[in-house]
Every structure is written in C-alpha cells, then in structure tokens.
Amino acid sequence: DVATDIKNVLMATLLELKDLMSALTQRVNSEEQRVLDIEDTQLRSDEEMADLRKQLTSLHARVDDQENHARRNNLRFVGFPEGVEDGRPAKFLQEVLPKLLRLSPGPELNIERAHQSLAPKPPVGQTPRPIIAKFLQFLVKEQLTAAKNLEALEWCGNRILIFPDLPRDLMERWKKFIPVKKKLREQGIKFGLFYPAIMKLTCDWEMKSYSDPQAVEEFLK
C-alpha cells in the first residue's frame, strides 16, 4: 500500500543519508589527520631548523676563534712606502724594526712570514698598503706592541703606525672599548685589552676583568 511504499522510501533515504554521513565523517577524520601530520612535520622542521641554526652559530664561532688564533701573533705596519721592502718584507722588517722601536739588543724578531696587504695598489699620494707580519713568538709581538706606544714613530719622513691584525668583527668589538680607554687614562687607571676582547684593569691593587665596555662604565661610576 501507499504507507508501506512511503516507509520503504524513507528507510532507503535514511540509509543513503547514513552512508553519506559515514563517508563525510571518514573524509573529515582523514583531513584532520592530514592536518595533524602536516603540523607535526612543520614542528619537526622548525626543531631541525633551530638545531641547524645552533650548529651554524657554533661552527661560525669556532671558525672565528681559529681565525683569531691564527692572527694572534700578527701585526700590521702602516706607513712604509709602496715597494720599499723590495719584495722581501720579512727581511726589511727584521732590519728596520729594532732601530725604529729602539729595542734593546737581543735575539732576532723571528718573523715567520710577512706580506703586503692584498688590497689593490693605491694611487700615488694615497696611503700605502700595510705590511702584515706574523711572529713566531707571541711575546715578541707583545714587546713590539708595547714599544710602539712609547712615542710617535717615524721612518725616513714617514709616520709609521702599528696595529693588531684582527678580523673585522673582532676589531669592531675592540673599537667599542675606545671611549672607556680614554676615561681610564684620564683617571690614571692601568689597563690592557687582551684577546679576544677582554679588558683587564688594576685598581687599589686588585685586578678586574670585563668583556663588556658598559660594565667598565658602571665600574667607573
């Protein structure tokens, strides 16, 4: 009869809806799982990226440290005219420095190697390229560094300047101490700036060490 037919149609429709809802539920669950998998993958990628950044930072620090140590015994000599070393910069410095710095008689300076900066040759009248020398003994390098602070240096009418041969980033760290160095000199406090960028000063017979120039400023206050 009609009622039975309607009932059968409704049952069939309900079954179809049930199957459709089941399929939709499975699809939603599948998409949710897919999203969770993507989020997990992204999380792992973020963790791996963070770990890689740490490794890169560590490697960069190690490379910098190795470069700094490699240059630890180096000095830059600025002011010698271009070509004055006649292709033998080590021999030239070995002969000139003792008299220039008024060093007391003693063992040779033991220059391991020396070379002119690889920068392009400057035009006539411009500042000549520095000569970079590596000394076998760190104490000799320190002796020369101390001697060059005694007075202005001049060789054959040329003002000679001597600097540590530091990488750019380390040089920037050293430059940050310039203001406090001036204040320390004004107050008569003995100090020294040591590798890699540690300032040591003596006050009231006590040695203090600082790696941050701001900390020195606080001490002076």
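These are my notes on the domains, two sheets and one pocket of a predicted model.

**Entry 1: domains**

I began with the domain assignment. It splits the protein into domain 1 (1-70), domain 2 (72-164) and domain 3 (168-220). I then looked up how far apart domain 1 and domain 2 sit. Their C-alpha centres are separated by 66 Å.

**Entry 2: the five-stranded sheet**

I read off the strand order next. Five strands make an open sheet, ordered S2-S3-S1-S5-S4, and their pairing is antiparallel. Which strands stand at the edges? I found S2 (111-116) and S4 (153-155) there; each has a single partner strand, so one side of each lacks a neighbour in the sheet. On average, neighbouring strands here are turned by 30 degrees against each other, with direction ignored.

I also checked what packs on this sheet. Helix H2 (residues 89-100) does, and it touches S1, S2, strand S3 (131-135), S4 and S5. The direction of H2 makes about 105 degrees with that of S2.

For one pairing I went down to residues. Strand S1 (residues 74-78) and strand S5 (residues 158-164) run antiparallel and are joined by four bridges. Within S1 and S5, I noted Phe77 opposite Ile162.

**Entry 3: the second largest pocket**

I turned to the second largest pocket, for which the volume comes out at about 280 Å³. I listed its lining as Arg71, Arg76, Phe163, Pro164, Asp165, Leu166, Pro167, Arg168, Met171, Glu172 and Lys175. Sorted by class, the lining holds six charged residues and five nonpolar ones, with no polar residue.

Which elements supply at least two residues each to this lining? I found S5 and helix H4 (168-175). H4 gives the most, with four residues.

Why does the pocket lie between two domains? Domain 2 (72-164) and domain 3 (168-220) both contribute residues to the lining, so I place the pocket between them.

**Entry 4: the three-stranded sheet**

I went on to the second sheet. It is open, has three strands in the order S6-S7-S8, and is paired in the antiparallel sense. S6 and strand S8 (206-210) are the edge strands; each has a single partner, so one side of each is left without a neighbour in the sheet. I noted an average turn of 20 degrees between neighbouring strands, again ignoring direction.

Helix H5 (residues 178-186) packs on this sheet and touches S6 and S7. I read an angle of about 15 degrees between the direction of H5 and that of S7.

Last, I looked at how S6 and S7 are connected. Strand S6 (residues 190-194) pairs with strand S7 (residues 198-203) over five antiparallel bridges. How many residues does the hairpin from S6 to S7 pass through? I counted three residues in that connection. Across this pair, Phe191 stands opposite Leu201 in S7.

Note on methods
Residues numbered from 1 in each chain as written. Predicted model: local features only at pLDDT ≥ 70, side-chain atom pairs only at ≥ 80, totals over all residues. Heavy atoms only, no water. Pairing = 2+ DSSP bridges. Axes fitted to C-alpha atoms, helices over the stretch in contact; angles between N-to-C directions. Contact = heavy atoms within 4.5 Å. 1 Å grid on protein atoms, 1.4 Å probe; cavity = no way out; pocket = protein on both sides within 12 Å on 5 of 7 lines; lining within 4 Å. Points joined across faces, edges and corners; volume = space filled by probe spheres on them. Nonpolar A, V, L, I, M, F, W, Y, C, P; charged D, E, K, R; others polar. Domains from an automatic or database assignment.
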